[in-house]
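Please open the model in your viewer and keep the sequence panel beside it. The tour goes from one selection to the next and says what is found at each stop.

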Amino acid sequence: MSELTNLARPYAKAAFEFAVEHNALEAWAGMLFFAAEVAKNDFVAEQLQSAGAAEKQAEFFLKVCGEQLNAHGQNFIKLMAENNRLLALPAVFDGYVALKAEYEKEATVDVISATSLNAAQQDKLAAALSQRLARKVKLNCSVDPTVVGGMLIKAGDMVIDGSVRGKLDRLATALQS
């Protein structure tokens, strides 16, 4: 997978820079999402591998995508087909989303708690995390009863373990040493 990520990085960067230049971040996000989903399809992947020539790959892919891509998006697909990189589209989309989030100063934060958080708790947590991270925060909340109490917060490389399970684990480690 890391090979695809490395191959996709320059395409994601080019698409992102073009989208910023033309004030079309959301449009490009939509086009790349759709193209990535098409590329993930097993039948499409099989057809792309058997199509051979870049023109045939691009023609097939553009027929499948139809009206979902504008003229610039179609040119992007043709360029990727010329370089035999259409199967890297999911990684291109992931890279684009990461660049877009960085540009818009957004962070997606995973919150795991023992019980579900109500709207007021989510708003308060999002506000506190926005201040700490200096970014607009989008919460992905999930429930895991093994947390026992409190919550586990993951934002990129940062992990805040305020769970009872984490405290018990740290206590057990301290007592064993």
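## Stop 1: A126 and its contacts

Start by selecting A126 and showing whatever surrounds it. Leaving aside neighbours within four places in sequence, A126 is in contact with V137 and L139. Bear in mind throughout that this is a predicted model.

Now colour by secondary structure. A126 belongs to helix α7, which covers residues 119–133. Is A126 buried or exposed? Its relative accessible area is 17%, and because the cut-off for buried is under 20%, A126 counts as buried.

Keep A126 selected and add G66. These two residues are 60 apart along the chain. A distance drawn between their C-alpha atoms should read 39 Å.

## Stop 2: the loop after α7

Move along the chain to A134, in the loop between α7 and β2. Check its backbone: phi is about 55°, a positive value, although A134 is not a glycine. A134 is exposed, with 59% relative accessible area.

## Stop 3: N84

Next select N84. Where does N84 sit? Its place is in the loop between α5 (71–82) and α6 (89–103). N84 is another stop for the backbone angles: its phi is near 55°, positive in a residue other than glycine. The relative accessible area of N84 is 55%; the cut-off for exposed is over 50%, so N84 is classed as exposed.

## Stop 4: α2 against α4

Select residues 25–40, which make up helix α2, together with residues 54–65, helix α4. The axes of α2 and α4 come within 11 Å of each other and cross at roughly 115°. The crossing of α2 past α4 is right-handed.

Then show side chains at the place where the two helices meet. Which residues does each helix bring to it?

- From α2: F34, A35, V38 and A39.
- From α4: F61, V64 and C65.

## Stop 5: a nonpolar patch

Finish with the molecular surface switched on. Select V148, V164, L168, L171 and L175, which form a nonpolar patch on the surface. Together they have about 450 Å² of accessible area.

Within this patch, pick out V148. It is located in the loop between β2 (136–143) and β3 (151–155). How accessible is V148, and what is it called on that basis? Its relative accessibility is 46%. Since partly exposed lies between the cut-offs of 20% and 50%, V148 counts as partly exposed.

Definitions and conventions
Residues numbered from 1 in each chain as written. Predicted model: local features only at pLDDT ≥ 70, side-chain atom pairs only at ≥ 80, totals over all residues. Heavy atoms only, no water. Helix = DSSP H or I, 4+ residues; strand = E, 2+ residues; numbered from the N terminus. Buried < 20%, exposed > 50% of the residue type's maximum accessible area, 1.4 Å probe, protein only. Contact = heavy atoms within 4.5 Å. Patch = residues over 30% accessible without salt bridge, like charges linked within 9 Å, V, L, I, M, F, W, Y side chains within 5 Å. Areas by Shrake-Rupley, 256 points an atom, 1.4 Å probe, with all protein chains shown as cover. Salt bridge = Lys/Arg side-chain N within 4 Å of Asp/Glu carboxyl O. Axes fitted to C-alpha atoms, helices over the stretch in contact; angles between N-to-C directions. Left-handed = near helix turned anticlockwise from the far one by under 90°.
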